[in-house]
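Reader: I should be grateful for a close look at one helix of this model, and then for a connected account of how the rest of the chain and the surroundings of the ligand are arranged.

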Amino acid sequence: RLQKLKSVKYPGLENYEVLEQMGEGAFSIVYKARHLPSNQHVAIKILRKFQMDQAQKQAVLKEVTIMRQLNHPNIVKFVEFIDSEPYYYIVQELAVGGEIFTAIVKYTYFSEDLTRHVITQVAHAIRYLHEEVGIVHRDIKPENLLYLPIESKPSINPVAKLRKSDDPSSKQDEGEFVPGVGGGGIGIVKIADFGLSKQIWEHNTKTPCGTVGYTAPEIVRDERYSKEVDMWAIGCVLYTLLCGFPPFYDERIETLTEKVAKGEYTFLTPWWDEISADAKHCVSKLLTVDPAQRYTIDDFLNDPWMNKTAVAQPAPA
Ligand code: ADP
Ligand code: MG
């Protein structure tokens with residue numbers, strides 16, 4: 001009976017039992033739900049169409065178009081899109097753990113090893129987006145980074161099957177977690193929220209979107225530098241994971257904007273005192289004001305701090 005009431009509330013979702021809320025954004029509420037025919041859990045982003053203008057509706061359709069193209073173990077998988085009279089529903093793979101943001105709040109900050117474990121997965125997803133699909137995310141932040149707790153397996157499309165055996169992250173599904181790397185219960189990390197993302201070239205063809213020869217220099221230049229915004233954001237996330245607060249902050253938006261524009265941040269004492277010089281070097285290469293000098297995704301993946309191996313824990317006797 002209760003289920004009948006909920007499907008009245010959410011027309012078009014008759015196949016799902018809507019469960020607890022997972023999160024919310026400006027226009028959306030995300031619920032955990034159970035797909036009744038398969039008994040699998042999913043996340044449903046519900047967007048109210050009322051008071052959305054044409055441009056906002058277009059943006060939702062674009063978000064769906066982008067999500068449909070993506071297939072990566074560190075990106076939340078698209079399941080289906082339902083367009084009803086009052087709502088749009090974007091059904092996705094459920095990231096049971098919720099936001100990395102909440103985990104930072106809970107643990108105050110992450111160890112260097114746990115930080116590396118998290119940011120490496122984000123980096124693999126970004127490399128896929130930048131180099132294989134031609135998409136810039138443009139909204140990388142701890143609220144949009146979700147995770148599965150160590151023990152939990154993905155609820156749909158078991159990702160282990162999609163991975164090459166030489167991919168180190170493939171071990172995580174099988175529960176063969178490298179001791180000393182995990183902690184904090186964070187297993188697989190997944191990027192969510194493609195609401196602000198932009199396609200810079202067409203998937204598979206690698207030809208730029210729009211008519212090639214007629215594109216103005218400022219557009220070409222913009223696209224040339226658009227991937228760099230994700231790298232800056234990764235730098236902000238990396239900084240935040242390591243110390244528990246963001247690199248740029250001010251009560252006044254004007255002052256904040258000025259600090260960001262100048263790249264004015266510090267490794268604040270005492271919080272940064274125990275953090276390795278390699279980690280600080282890596283952060284500084286991402287938080288570089290000149291986008292041409294900033295780390296690209298490949299630079300980042302090749303960074304010395306990123307390639308340090310976690311201190312091995314003694315094997316149980
Ligand atoms: P918005 O564009 O409104 O920010 P998001 O797609 O970021 O919407 O979703 C809002 C919040 O809902 C996220 O920050 C997260 O807490 C939660 N959420 C979104 N997608 C999922 C998912 N697939 N699994 C679990 N929680 C999710
Ligand atoms: Mg969001």
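Author: In this predicted model, A277 and H281 of helix α7 are exposed. Their side of α7 lies opposite another group of residues. Which residues of helix α7, spanning 277-286, are buried? They are A279, C282, V283 and L286. These four cover an arc of only 100° around the helix axis, which places them on the same side of α7. The helix therefore has its buried residues on one side, while A277 and H281 are exposed on the other.

Helix α7 is one part of a chain with eight helices and ten strands. Of the 317 residues in this chain, 32% are buried. Among the contacts in the chain with a separation of 6 or more, 70% are between residues 24 or more positions apart.

The strands can be followed sheet by sheet. Five of them form an open sheet in the order β1-β2-β3-β5-β4, and their pairing is antiparallel. Strands β1 and β4 (78-83) stand at the edges; each has a single partner strand, so one side of each is left without a neighbour in the sheet. On average, neighbouring strands of this sheet are turned by 25° against each other, direction ignored.

At the β1 edge, strands β1 and β2 are antiparallel and share six bridges. A hairpin of three residues leads from β1 to β2, and Q21 has Y31 of β2 as its bridge partner. Further along the sheet, β3 and β5 also run antiparallel, joined by seven bridges. In that pair, L47 is matched with Y88 of β5 as its bridge partner. Helix α2, residues 54-69, lies across β3, β4 and β5 and runs at about 155° to β4.

Another open sheet has three strands in the order β6-β8-β9, again with antiparallel pairing. Here β6 and β9 (186-191) occupy the edges, and each has a single partner strand, so one side of each is left without a neighbour in the sheet. Strand β8, residues 145-149, runs antiparallel to β6 and is joined to it by two bridges. E99 has L146 of β8 as its bridge partner. Helix α4, residues 112-133, lies across β8 and β9, running at about 30° to β9.

Strands of both sheets appear again around ligand 1. How many residues surround this ligand? There are 23, and the closest are G23, G25, V30, A43 and D193. Strands β1 (16-24), β2 (28-35), β3 (40-48), β5 (87-93) and β6 (98-99) each contribute at least two residues to the shell. The largest share, three residues, comes from β1. By type, the shell divides into ten nonpolar, seven polar and six charged residues.

The shell can thus be set beside the strand order: β1, β2, β3 and β5 each supply at least two of its residues and belong to the five-stranded sheet, whereas β6, which also supplies at least two, belongs to the sheet of three strands. Strand β1, the source of the largest share of the shell, is also an edge strand of its sheet.

Conventions. Residues numbered from 1 in each chain as written. Chains lettered and ligands numbered in written order. Predicted model: local features only at pLDDT ≥ 70, side-chain atom pairs only at ≥ 80, totals over all residues. Near = placed C-beta within 6 Å. Nonpolar A, V, L, I, M, F, W, Y, C, P; charged D, E, K, R; others polar. Pairing = 2+ DSSP bridges. Contact = placed C-beta atoms within 7 Å. Axes fitted to C-alpha atoms, helices over the stretch in contact; angles between N-to-C directions. Buried ≥ 20, exposed ≤ 12 C-beta atoms within 10 Å, placed from the backbone. Arc of directions from axis to C-beta.
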